[in-house]
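Could you walk me through this model, one region at a time? I'd like to follow the strands, the pocket and the odd backbone spots with the coordinates open beside me.

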Amino acid sequence: MSRLEWGRIGVRLVLTALVLGGAYAALAWWTGQQMPSQVLVDGVSVGGLSPEQATERLTKELSAKATAPVTVELGTTGTSISVDPAAAGMHLDIPGTIEGLSGFTLDPSKIWARLTGKVDRPVRTVVDLDKLTAVVTEKAAAVATQPKEGSVSLTDGKITSTPASPGLKLDVADAVHKVEQAWPRVASVTADTTVTQPQVGQAAIDAAVRDFATPALSAPVTIVVGDKTATISPEQYAGAVTMVADAGKLVPKFDKDALRQAVVKATSAMVTPAKDATIVLQGSTPTVVPAVPGVAVDAAPAPDLLIAAMTAPD
């Protein structure tokens, strides 16, 4: 083969290389102008779109997720708080999400992947932890409670019970961490919560009403003085009784002075003053009017007797 023919072959090879290189560069440029053929971002397909089109579609399709409040459940207590993403400094990073999926490259593996590969990735997020912590702290304070002790009162002879309720305190750090990790794909998270039970719970309230309050106020108490009787109603003596907490139970506490006063008032109609004997003249004849004995009520033992009546088994 002559030198001229070799030269022509060389020229053809150079031209072929230039054409192929140009075609490859054109292909590289074309694939860099759009997303790969199959791209899913949080379930939204943006394959084959330009970066601008992909950004627009993702912004529109993910808007509802991005703005929906996140519910934080306080354990299993049934109490929850709601976190507004905008107020908590949380937003989507869509440019960062699609970064690297387009743009010019001569790397054949990347070009091939853009032509045939499938990309499935979550949307990136930006969370201002200081703002999120501040919001959760404020919300947690609004629902935090101290344990409330149960109680039973006997005012005016009527039994009134107040139910107990536990104290609640949200673990702010745990809530912040879980919101940051879950948003925007999960609308609700459950955070650690400290639950403090009251000393006097519902069982103690029920026992106090059943075992003491109901029997104690079930009927008037009869007071016998000599051959006379009087009654003292629950309305008259109930105010002298309070229910106090003792080792997780509610037990009665008696105001003995108030009980004594209640008995004095209930028996006041029985009390008559004594009258000394007197001598009166009926005409010219002196006549002795005999003495009249008085009736008094010794109220000193009354409180203990009333307490015994209220606490008797039957």
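**A walk through the model**

Let's start with an open sheet of three strands, which has mixed pairing and the order 2-1-6. Strand 2 (44-45) and strand 6 (118-121) sit at the edges with a single partner strand each, so one side of each has no neighbour in the sheet. Keep in mind as you look around that this is a predicted model.

Now zoom in on one half of that sheet. Strand 1 (residues 38-41) runs antiparallel to strand 2, and two bridges join them. If you want a landmark for the register, Leu40 stands opposite Ser45 in strand 2. The loop between strand 1 and strand 2 holds Asp42, and that residue deserves a click: Asp42 isn't a glycine, yet its phi is positive, at about 50°.

Next, jump along the chain to a hairpin. Strand 13 (residues 221-225) pairs with strand 14 (residues 228-232) in the antiparallel sense, over five bridges. Val225 has Lys228, in strand 14, as its bridge partner. Two residues lie between the strands of this hairpin, and Gly226 takes a positive phi near 65° there.

Strand 13 also takes us to the largest pocket, since it gives the most to the lining, with five residues. Helix 11 (302-311) is another contributor: strand 13 and helix 11 each supply at least two lining residues. The volume of this largest pocket is about 190 Å³. Twelve residues might sound like a lot to inspect, so begin with those closest to the centre: of the 12 that line the pocket, these are Ile223, Val224, Val263, Ala302 and Leu305. What does the lining look like by class? It has 10 nonpolar residues, one polar and one charged.

On to the aromatics, where the count comes to one pair. The ring centres of Phe212 and Phe254 are 6.1 Å apart and their planes stand at 70°, so this pair is edge-to-face, given that planes over 60 degrees apart fall in that class. The pair ties together distant parts of the chain: Phe212 belongs to helix 8 (residues 202-216) and Phe254 to strand 16 (residues 249-254), 42 residues apart.

Another backbone spot to check is the peptide bond from Trp183 to Pro184, which is cis, with omega near 5°. You'll find Pro184 in the loop between helix 7 (172-182) and strand 11 (188-191).

Last stop: Thr193, which lies in strand 12 (residues 193-196). What does its side chain reach? The side chain of Thr193 comes to 3.3 Å from the backbone nitrogen of Gly75. A polar atom of that same side chain lies 3.3 Å from the backbone oxygen of Ala191. Leaving aside residues up to four places away in sequence, Thr193 touches Leu74, Gly75, Lys169, Leu170 and Asp171. Gly75 therefore turns up twice if you select around this residue, as a polar contact at 3.3 Å, within the 3.5 Å cut-off, and as one of the residues touched.

Terms used: Residues are numbered from 1 along each chain as its sequence is written. This is a predicted model: local features need pLDDT of at least 70, side-chain atom pairs count only at pLDDT 80 or more; totals for chains, interfaces and linings use all residues. Side-chain values use heavy atoms; hydrogens and water are left out. Two strands pair if DSSP finds at least two bridges between them. Helices (H or I, at least four residues) and strands (E, at least two) are DSSP runs, numbered from the N terminus. A polar contact is a pair of N or O atoms within 3.5 Å; within protein, one must be able to donate a hydrogen and the other to accept it, and residues adjacent in sequence count only if both atoms are side-chain atoms. Contact means heavy atoms within 4.5 Å. On a 1 Å grid over the protein atoms alone, a cavity is a set of points where a 1.4 Å probe fits but cannot get out, and a pocket is an open set with protein on both sides within 12 Å along at least five of seven lines; lining residues have an atom within 4 Å of a point. Grid points are joined across faces, edges and corners, and a volume is the space filled by probe spheres set on the points. Ala, Val, Leu, Ile, Met, Phe, Trp, Tyr, Cys and Pro count as nonpolar, Asp, Glu, Lys and Arg as charged, and the others, Gly among them, as polar. Rings of Phe, Tyr and Trp (its six-membered ring) pair if their centres lie within 6.5 Å; planes under 30 degrees apart count as stacked, over 60 as edge-to-face and the rest as tilted.
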